[in-house]
Amino acid sequence: MSDLEFFLFLLSSVFALFLIFNVIKAKQNTLNLPPGTMGWPFIGETIGYLKPYSATSVGEFMEQHISRFGKIFKSHLFGGPTIVSADAELNKFILQNEGRLFECSYPRSIGGILGKWSMLVLVGDMHRDMRIISLNFLSNARLKTHLLPEVEKQTLLVLSSWKDNSTFCAQDEAKKFTFNLMAKHIMSLDPGEAETEQLKKEYITFMKGVVSPPLNFPGTAYRKALNSRSTILKFIERKMEERVWKMKEGRESLEDDDLLGWVLKHSNLSKEQILDLVLSLLFAGHETSSVAIALAIYFLQACPTAVHQLTEEHVGIVKAKKQSGESPELTWDDYRKMEFTQCVINETLRYGNVVRFLHRKAIKDVRYKGYDIPRGWKVLPVIAAVHLDSSHFDRPQRFDPWRWQNNGGSSSSSGATVNNNYMPFGGGPRLCAGSELAKLEMALFIHHLVLNFRWELADADQAFAFPFVDFPKGLPVKVHRHTLNH
Ligand code: HEM
C-alpha cells in the first residue's frame, strides 16, 4: 500500500467512524430515553453508584438521582449506558421478561471468577438445565428429609461453642454456620476436619476477590482470588475423582446424598460444568444467608418486643413437643408453626436488602411507560429501592415484623398490598433457587438463638452496602446464656 493509499484508507476509516457515531447519536436523539446524566467518559457514574452507604437506606446516589430524575433514569454504570430502575412495576416487568426482552448480564469479572458455567452468568437453555438440577437438589422434599435435620445440627454446633458472657463477631459465626452447612450439603465435608478448614481458608480469599475491583495484577485481591479459585476447583475435582474411582472399584455405589453425588448420578454435565456449578452454589448459598442471619441478629437486638414475641413462639413449640412426647429434634410441622418468625425473616430481608440490585441488559428495543430502553443497554432493577419506598411500604425506615401479619404483607396503615413488590429473592425465571433453604436456615437459627441466649451489641456497628452488605466491625456481640422454662 502506497503512502497515499494508506492516507486515503485512514481518512475513510475516520470518516466512517464519524458517520457511525453520528448515526447512533441521531438515533438516540430520536429516542425518548429516561432523564439522567452519563457522568465521566468510560467510568460514567460508577464510582458514585458504588460509594458505600447504610444498608437500610438506598444511598446518596440513588436518593439524589431519584429526586432529580424520578424512579427510572439513565446513567453510565459498569462500563456501559444503563437504565436504572427504582420503579416496582418496571422491576417486575424486567424480571418477568427474562430471555424475551432482557437477559441476565453480570460484569465480565464475575464470570472470570465464578466460571463461565456459573448459574449467575449462564443464559438460555444451559441456564435452564443447570437451574433444573439446582431446583431438584433444593426441592421441598429434600428440604424436609435431608436439609432440615442438617440445618438444625449445624446451628446447634455453632451455638454450643458460644460461652456465657462471651464477646465475638456474630457475622463470623453466621458465616461459619452457612459455610459448614453448604460444605456438608454439597460435598459431605464435616466441620472442623482439616480439609474443610483448608477449603474455608481458600474460600475467604476467593470471596475477597469476588467483591474487589477486577484488577488482574500480581498482589491484587482479584488475582489472589483467581488463584484460590483454581485451588478450590482442584479440591472439588479430587473429591469427584475419589467418588468415581470408588464406584468403579465396586467399593461404593454412587450416593446422591450430596450435590456432588447427585450431579454425578443424575446429570450429563461435563467435569468443567460440575466444578463451576458446585462453586457457584457454594457462593450463592453461603454469602447471602450468612448476611441475612447477621442482619436478623442486628435488627433484633434493637427490637426487644420482637425478641419477646419470638421467644413465646419458640417456647410454645418446644412445650407442645414435650407434652405430646415427641423427640426434641425439630420437624417440618414445627417449622410450619413459626409464623411470627417468618414475619421477622420477611422484615429482615426487606429492611436489610441482602441483594440490592440485579444486572440485566436489554436484548431488544423496549418501550416502557413512554420511555425507550435501547437494545444492548444495561438495565439495573434496584430491588432495595422498592423495599425502602414509602409508597409501597408504610414507614419503610422502621424494622416492623408486624407489618407482615394478617394479610401476608400489606403495609400496616395504608393498606396497600405489598406482597407483589417484595422481591428479596429476585423474580421470574431466575428467582433464587435457594429461597426456601435460606428461610429455613434463618428460622432454625433464630429458634435456638432466642431459646438459649440474650445478646447485645458489644461495640457500635452498622450494616453497610459496599454494595454487598457487610458489617465493618463484623457485628461484635456479647451473649448471655439463659434457660427458659419450657
Ligand atoms: C437470604 C438469602 C438469599 C438471598 C437474599 C438470595 C437472593 C437471590 C437473588 C436476588 C437471586 C437472583 C439473581 C438474579 O436474578 O440475577 C438469587 C439467585 C440464586 N440463588 Fe439465592 N439468595 C439467598 C440464598 C440462597 C441459598 C441458600 C441458595 C442455595 C444454594 C441460593 C441459590 C441461588 C441460585 C442457584 C440462584 C440462581 C438462580 C438462577 O439463576 O436461576 N440462594 N438469589
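Start by selecting Leu-437: setting aside neighbours within four places in sequence, Leu-437 is in contact with Leu-138, Leu-143, Leu-147, Val-151 and Met-182, where contact means heavy atoms within 4.5 Å. You're looking at a predicted model, in which local features need pLDDT of at least 70, side-chain atom pairs count only at pLDDT 80 or more, and totals for chains, interfaces and linings use all residues. Residues are numbered from 1 along each chain as its sequence is written, and side-chain values use heavy atoms, with hydrogens and water left out.

**Stay on Leu-437**

Leu-437 belongs to helix α17, which spans 435-452. Helices here are DSSP runs of H or I with at least four residues, strands are runs of E with at least two, and both are numbered from the N terminus. With a relative accessible area of 5%, Leu-437 is buried; that label means under 20% relative accessible area, exposed means over 50%, and partly exposed is in between (1.4 Å probe, protein chains only). Now add Asn-140: from C-alpha to C-alpha, Leu-437 and Asn-140 are 8.7 Å apart in space, but 297 residues apart in sequence.

**Zoom out for a moment**

Show the whole protein chain and you'll have 17 helices and 13 strands. Of its 486 residues, 52% count as buried. Take the contacts between residues at least 6 apart in sequence: 72% of them join residues at least 24 apart.

**Next, the ligand and its iron**

Select Cys-432, in the loop between α16 (383-387) and α17. Its SG is 2.3 Å from the iron atom of the ligand, and Cys-432 is the only protein donor there. Donors are N, O and S atoms within 2.8 Å of the metal (3.2 Å for Na, K and Ca); water is not among the atoms, so sites may look incomplete.

Widen the selection to the 26 residues around the ligand, of which Tyr-106, His-127, Arg-131, Arg-360 and Cys-432 come nearest. A residue is near a molecule or strand if one of its heavy atoms lies within 4 Å of it. Colour this shell by residue type and you get 16 nonpolar, 6 polar and 4 charged. Here Ala, Val, Leu, Ile, Met, Phe, Trp, Tyr, Cys and Pro count as nonpolar, Asp, Glu, Lys and Arg as charged, and the others, Gly among them, as polar.

Which helix gives the most to the shell around the ligand? That's α12, with 6 residues. Helices α6 (124-137), α12 (271-301) and α17 each supply at least two.

Three side chains to check against ligand oxygen atoms:

- Arg-131: an N or O atom of the side chain is 2.5 Å from an oxygen atom of the ligand.
- His-127: a polar side-chain atom lies 2.8 Å from an oxygen atom of the ligand.
- Arg-430: a polar side-chain atom lies 3.5 Å from an oxygen atom of the ligand.

**Over to α3**

Select residues 59-69, where Gly-59, Phe-61, Met-62, His-65 and Phe-69 are buried. They cover an arc of only 115 degrees around the axis, so they sit on the same side of α3; the arc is that of the directions from the helix axis to the C-beta atoms. The buried residues of α3 pack against α2 (46-50), β1 (53-54), β2 (72-77), β3 (80-85) and α16. Rotate to the face turned away from the buried side, and you'll find the exposed residues Ser-67 and Arg-68. Following α3 is Gly-70, with a positive phi near 100 degrees.

**Last stop: Thr-341**

Thr-341 is in helix α15 (residues 339-352), and counts as buried at 0% relative accessibility. Beyond its neighbours within four places in sequence, Thr-341 is in contact with Leu-310, Glu-313, His-314, Ala-443 and Ile-446.

Definitions and conventions
Polar contact = N/O pair within 3.5 Å; in protein donor to acceptor, adjacent residues only side chain to side chain.
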